[in-house]
Amino acid sequence: MALYSAAAAVLGGLERGEGGLKSLVYGSDFPHARQLYALVAETLRYGPVLEALLDGAALLRVEKKLPPLLAKVLVYDLLFGKGLKCGGRWKALARRHRARLEAELARLKVRRGVSRNEDLLEPAPGTGPEAPQVPRYVRVNVLKTCVDDVVEFFKRQGYSFLGRASSVEELKILSGKKFLLDLHLPELLVFPPQTDFHDNRLYMSGHIILQDKVGSWETGGCGTGASCLPAFLLSPSAGSHVIDACAAPGNKTSHLAAILKNKGHIFAFDVDTKRLATMNTMLMRAGVTSFKLAQQDFLTVDPHDPKYSKVKYILLDPSCSGSGMVARLPLEEAAPSAERLQALAGFQRRVLSHALRFPAVQRLVYSTCSVHREENEDVVHAVLQEQGSAFRLVDAFPSWPCRGLATFPGAECCLRASPADTLTQGFFVAVLERRGEEAAVPSSLPAATEESLQQEEGVEPGAAPPKRRRKKQRVK
C-alpha cells in the first residue's frame, strides 16, 4: 500500500474508533511503520489548519474524486512536510493546486497574525493556556556521538543553546530555536513543544533518538514506551545481562545499550512480528550490537532457562491504559472502564511476579504511562506482599519532586510525573531490588548520578555542561 493511501486509511480507522494510532499503524500492511506513524501524527497535529486550507482553497469542490482524508495527508506533506516525495497520480493532482494552497496559507497567516507555520497550531485538547505544553525531548545517542557534538550541530543549524536547565520553569518558557540540556538526565536535550525532527539528519542517522523524558508519545503509549527514565533508573553496569520484557519499538532497548556501552547482553521480547522488524531496523540504525530479539510473550519465558542465568536487571513496561498521555494528537481513546482497569492490573501483577522469578535478578524497574493507582501502586503493593521479604522498594531518585500515592507504607519511594509538576507525560515508576548482601546496586538512584547532580547545583543558568570525552565518530 502506498504511503499516502496508508496514512489516509489510518486516519479513517481513527475516525471510526477502530483503534488507537499505534495499533492501526502497526496493524496496517505498510512496511515502514515509523514513517507512516510520523506522517499520520503530523497530519493530525495540523488537522485544523489543513481543514481551513482545504476549505479556503476549495480543493475538494474542484477535485470531487479526491477523498477528504487523503487530501489532508497530501496537503500536509506538500506544505509542511517533505514536499510530496511519492504519491503517483495523487502527487500530480496536489501539485497542480500548489499555488492556490500556498496563497491560502499566506492569507491564513495574515488573518491570524503569525509568521511561522508552527504558530498556526492550536494547543491540543487538555493542554490549553492554563496547562503547560510538554516540550520536545531528544536523547543524544552516545553509541554514535556525544552531547557536545550534537549541541554544536544544532548551533550551526541556527539554534541557540542555553546550557543546562536549573528548573522546570526554564523549560516552560522555551520558544523559537532555543534548546537546553535537561536538569535531570545527562544526555537529554529539550526543545520547544512544536519542534519537528522527523526529517532531521541526526534523527535519520540514529545520532539522536526522539524519546520523551517520561511517558511515550511516538508509539502511542502503553507497552511500547519511549521514556528515558526507566533505563536511567535501572542503570545496569557495563557487561551486565538485561531483559527488556516489553521492548518494541526499541527506544528503551537502545537506551539500555547506550548505558551498557554495548558491553553485555540485552534480551528483548515482544509478541508482534511487525513491531520486532521495526525494532530491529531501529536498533541497527542506532548502532546497538549487544541484543537478541525474541518474538515471544514474556509470560511464557522460562526464568530458569540457562541462557537467562546471568540476568541481573529487568526493565518492565507492560501494556497499560495510557491514561497519563498528554494529548499531542487528537482522537484520544476513551477513558478505561473499571473492568478494563481491573483486567490490565491483573495482567500487570502477573507479569511483574513473573519477572521477579528470574533467579539472578537483583534490580527491576516497573513503569507505566498510567495515572491510575490500580495499575501502579496497587500492582506494586500486591506483588511485594506476594514476594514476602525477598524484594524491597528502592527510594528512587530522591530529588524527583512527585512521589507515589500514600496507599501503603513505602509507596513514597515510587515516582510519579505529570505535565503540571514535571513538564512531562503522566507516568509511574517503581524500582524493586532484591534484599540481602548480594544486591548488585545500592539503594536510591545510581550514586554517581546523584553525586553529579549535586556537584552541578552551583552551575549558573545558561552555562555550558561539563566537557565530555569526544567520541571517535563526529557529527559533521
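This report walks through a helix, a sheet and some salt bridges in the structure above.

The model is predicted, so a word on conventions helps: local features need pLDDT of at least 70, side-chain atom pairs count only at pLDDT 80 or more, and totals for chains, interfaces and linings use all residues. Residues are numbered from 1 along each chain as its sequence is written, and side-chain values use heavy atoms, with hydrogens and water left out.

**Helix 1**

Let's begin with helix 1, residues 3-15. Helices here are DSSP runs of H or I with at least four residues, strands are runs of E with at least two, and both are numbered from the N terminus. The expected span of a helix is 1.5 Å times one less than its number of residues. For the 13 residues of helix 1 that gives 18 Å, and the end C-alpha atoms are 19 Å apart, which agrees.

How much of helix 1 is buried? Ten of its 13 residues are, so the helix is largely enclosed by the rest of the structure. Buried means under 20% relative accessible area, exposed means over 50%, and partly exposed lies in between (1.4 Å probe, protein chains only). Among the buried residues of helix 1 are Leu3, Tyr4, Val10, Leu11 and Leu14. Their cover includes helix 2 (21-26), helix 3 (33-45) and helix 6 (68-79), where contact means heavy atoms within 4.5 Å. Gly17, with a positive phi near 70 degrees, follows helix 1.

**The sheet and Val140**

Five strands form an open sheet in the order 2-3-4-1-5, with mixed pairing; two strands pair if DSSP finds at least two bridges between them. Strand 2 (160-164) and strand 5 (208-210) are at the edges, and each has a single partner strand, so one side of each lacks a neighbour in the sheet. From one strand to the next, the twist averages 30 degrees, with axes as lines fitted to C-alpha atoms and angles between N-to-C directions running from 0 to 180 degrees.

Strand 3 (residues 178-181) and strand 4 (residues 188-191) run antiparallel and are joined by two bridges. Leu181 has Leu189 of strand 4 as its bridge partner.

Leu189 also brings us to Val140, which belongs to strand 1 (residues 136-140). Their C-alpha atoms are separated by 7.4 Å, although the two residues are 49 residues apart along the chain. Val140 is buried, at a relative accessible area of 0%. Beyond its neighbours within four places in sequence, its contacts include Val147, Val150, Leu189 and His207.

**Salt bridges**

A salt bridge is a side-chain nitrogen of Lys or Arg within 4 Å of a carboxyl oxygen of Asp or Glu. By this rule there are 17 salt bridges, including these:

| Pair | N to O distance |
|---|---|
| Lys72 and Glu51 | 2.8 Å |
| Arg107 and Glu104 | 2.8 Å |
| Arg111 and Glu104 | 3.5 Å |

The pair of Lys72 in helix 6 and Glu51 in helix 4 (residues 47-57) links distant parts of the chain, 21 residues apart. Lys72 counts as buried at 15% relative accessibility, whereas Glu51 is partly exposed at 47%.

Glu104, Arg107 and Arg111 are linked in a network of salt bridges. Glu104 and Arg107 both lie in helix 8 (residues 98-112), three residues apart, or about one turn of the helix. An α-helix has 3.6 residues a turn, so residues three or four places apart point the same way. Within this network, Glu104 is buried at 6%, Arg107 is partly exposed at 42%, and Arg111 is exposed at 55%.
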